[in-house]
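Here is a short report on how the parts of this model meet. It covers domains, then chains, then charged pairs.

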Amino acid sequence: MPSVGILGAAAPVYAFFLVSYGFSPIATDVGYQPEQPVPYSHRIHVGQLGIDCRYCHNTVEVAAKAAIPPTQTCMNCHTQVYKESINLTALFDSYATGMPVKWKRVHDLPDYAYFNHSAHVNRGVSCVECHGRVDKMEEIKQEKPLNMGWCLDCHRKPQGRVRDPLTVTDLGWRFEDDSAAKAQFKTFEDYSEFWLKHNNISPSQDCSTCHR
Amino acid sequence: MIKVVIFIVTVVITVAMIPLALAATARSMSTKKPRIHFVQDMDNQPKFRAQHSNDLFLDGRAMRPPVAGTVARGNLKEDSHYNLGVVNDAWATTFPAQVRVDMDLLQRGRARFNIYCTPCHGYAGYGDGMVNKRAQEILENSDPAVVKGSTWVQPKSLHEQLISEQPIGQLFNTITNGVRTMSGYAAQIPLADRWAIVAYVKALQKSQDANLNDLPADQRRDLPTIKLFKEPN
């Protein structure tokens with residue numbers, strides 16, 4: 001029976017392909033977009049109103065965590081804007097009771113892995129490298145796999161992925177549009193190379209960097 | 001016999017396509033459901049981390065709010081000049097000793113101002129930020145389904161005389177504790193950065209009310225072409 005033989009030979013290849021294709025973090029983790037208790041939109045607040053990430057995620061430059069903002073931060077504006085909107089009911093309840101809004105976590109590394117925002121943001125790795133174009137998202141979605149191989153890809157070769165730390169929260173930033181940068185450097189590679197040298201960046205690949 | 005084999009092979013291949021199709025969907029679509037977690041490893045350890053929940057306490061918070069009436073070590077605000085902008089029960093008119101006013105401080109202040117103040121007050125401080133623009137637009141609408149109960153007090157222009165003449169201690173207090181409809185920013189902006197913003201706002205106010213005579217004589221030469229400045233009187 002040759003066909004059975006072929007099937008038998010194809011089975012391991014098939015199984016291997018299925019596991020690496022279907023169980024890779026790109027399939028299991030990327031694209032997670034939970035429904036949040038408040039339909040908060042980064043597209044409106046960041047994309048249209050132009051609020052900087054750090055207005056809300058204000059610990060991102062100094063701490064490991066970026067921190068989800070407390071209700072008070074939203075109420076800086078929403079004590080006035082849309083104060084009878086039904087979309088904001090959960091926010092107003094939280095403000096009245098003092099209990100935090102129960103935001104669902106989107107990006108979540110395993111607890112044995114250590115990540116630090118300030119180490120990246122202050123060295124010129126933009127939010128967009130790891131979170132995608134948040135300023136265009138109606139609801140937050142995980143865009144990158146966040147597995148170890150993905151972290152290491154950049155730690156091995158940060159060339160072309162770092163820039164001026166002052167522009168990290170400008171997600172739409174492009175070398176081609178930055179006249180000041182273009183006056184000094186021919187290509188984006190030169191520009192990125194400059195910041196690597198200037199800030200003396202050499203990301204560590206030791207296991208203890210991320211498993212401590 | 002051969003028909004049966006062909007039938008079985010076809011069925012096996014077809015069935016084998018189903019997981020592939022599912023995997024392809026998973027790779028290309030977003031999902032509202034959390035990932036299926038077959039192998040737990042030590043991914044979710046029972047320790048408590050910042051901003052996670054904790055069933056031990058009634059309110060479910062892993063981060064405990066400070067007990068009422070207590071002060072954490074090192075957080076006693078004894079220096080009223082630095083912490084409150086108050087000297088001898090009056091608004092401070094000078095910067096406290098901890099703050100060194102130099103170019104670095106102004107640069108820091110500008111960066112922080114652009115993050116925390118521009119949405120409402122605008123980059124130049126005239127009270128015309130994007131949030132103000134959008135809020136005015138919403139209020140102009142007469143449809144209650146659009147307005148949704150909104151009200152709006154226009155953020156003050158920082159160049160109004162009453163405000164630019166305020167002592168710096170009062171400006172510091174406005175940022176820290178807010179004023180009327182503006183909320184305080186003590187929780188979002190650390191103490192040192194609030195002083196940096198004060199220094200920058202002072203510079204911004206001066207820049208919008210500058211006179212040619214304010215410049216050193218050797219730098220005035222090039223200016224007549226720039227129309228931003230008032231003529232000397």
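Which domains does the domain assignment of chain A give? The assignment gives domain 1, covering 1–30, and domain 2, covering 57–68 + 107–212. The model is predicted.

## Domains of chain A

The centres of domain 1 and domain 2 of chain A, taken over C-alpha atoms, are separated by 35 Å. Four residues from domain 1 of chain A and five residues from domain 2 of chain A take part in the contact. About 340 Å² is buried between domain 1 and domain 2 of chain A. Carbon and sulfur atoms account for 67% of that area. On the side of domain 1 of chain A, the residues losing the most area to domain 2 are Pro25(A), Asp29(A) and Val30(A). Together they make up 92% of what that side buries.

What about charge and polarity here? The rule finds zero salt bridges across the interface of domain 1 and domain 2 of chain A. The count of residue pairs in polar contact between these domains, both at pLDDT 80 or more, is also zero. The side of domain 1 of chain A that touches domain 2 has three nonpolar, no polar and one charged residues.

## Chain B against chain A

How many residues does each chain give to the contact between chain B and chain A? Chain B gives 53 residues and chain A gives 56 residues. Chain B and chain A bury about 4,600 Å² between them. Of this, 54% lies on carbon and sulfur atoms. Arg27(B), Lys32(B) and Lys148(B) supply 15% of the area that chain B buries against chain A, more than any other three residues.

Two salt bridges cross the interface of chain B and chain A. Lys32(B) forms a salt bridge with Glu139(A), with the closest N and O atoms 3.3 Å apart. Between chain B and chain A, 22 residue pairs are in polar contact, both at pLDDT 80 or more.

Four elements give two or more residues to the side of chain B that touches chain A: helix H1 (2–28), helix H3 (103–116), helix H5 (130–140) and helix H6 (144–147) of chain B. H1(B) gives the most, with 10 residues. By class, this side of chain B has 28 nonpolar, 12 polar and 13 charged residues.

One residue shows the contact in detail. Ser183(B) is found in strand S4 (residues 182–183) of chain B. Is Ser183(B) buried or exposed? Ser183(B) counts as buried because its relative accessible area is 16%, and the cut-off is under 20%. The side chain of Ser183(B) makes a polar contact with the side chain of Asn76(A), at 3.0 Å. Not counting residues up to four places away in sequence, Ser183(B) touches Gln72(A), Met75(A), Asn76(A) and Gly178(B).

## A helix in chain A

Helix H9 (residues 148–156) of chain A has buried residues Trp150(A), Leu152(A), Cys154(A) and His155(A). The buried residues of H9(A) pack against helix H7 (117–121) and helix H8 (127–131) of chain A.

## Salt bridges

Over all chains, the count comes to 14 salt bridges. Side chains of opposite charge can pair when their charged atoms come close. The table lists some of these pairs.

| Residue | Partner | N to O distance |
|---|---|---|
| Lys32(B) | Glu139(A) | 3.3 Å |
| Arg174(A) | Asp177(A) | 3.9 Å |
| Arg108(B) | Asp193(B) | 2.9 Å |
| Arg134(B) | Glu137(B) | 3.0 Å |

Take the pair in chain A. Arg174(A) is partly exposed, with a relative accessible area of 45%. Asp177(A) counts as exposed, at 54% relative accessibility.

Next comes the salt bridge of Arg108(B) and Asp193(B), at 2.9 Å from N to O. This pair links distant parts of the chain: Arg108(B) lies in helix H3 of chain B and Asp193(B) in helix H9 (residues 191–207) of chain B, 85 residues apart. Arg108(B) is partly exposed, at a relative accessible area of 36%. Asp193(B) counts as buried, at 10% relative accessibility.

Glu137(B) and Arg134(B) both lie in helix H5 of chain B. They are three residues apart, about one turn of the helix. Glu137(B) is partly exposed, with a relative accessible area of 46%. Arg134(B) is partly exposed too, at 35%. Elsewhere, salt bridges that share partners join Asp52(A), Arg54(A), Glu61(A) and Arg112(B) into one network.

Note on methods. Residues numbered from 1 in each chain as written. Chains lettered and ligands numbered in written order. Predicted model: local features only at pLDDT ≥ 70, side-chain atom pairs only at ≥ 80, totals over all residues. Heavy atoms only, no water. Domains from an automatic or database assignment. Contact = heavy atoms within 4.5 Å. Buried area = accessible area lost by both parts, 1.4 Å probe. Salt bridge = Lys/Arg side-chain N within 4 Å of Asp/Glu carboxyl O. Polar contact = N/O pair within 3.5 Å; in protein donor to acceptor, adjacent residues only side chain to side chain. Nonpolar A, V, L, I, M, F, W, Y, C, P; charged D, E, K, R; others polar. Buried < 20%, exposed > 50% of the residue type's maximum accessible area, 1.4 Å probe, protein only.
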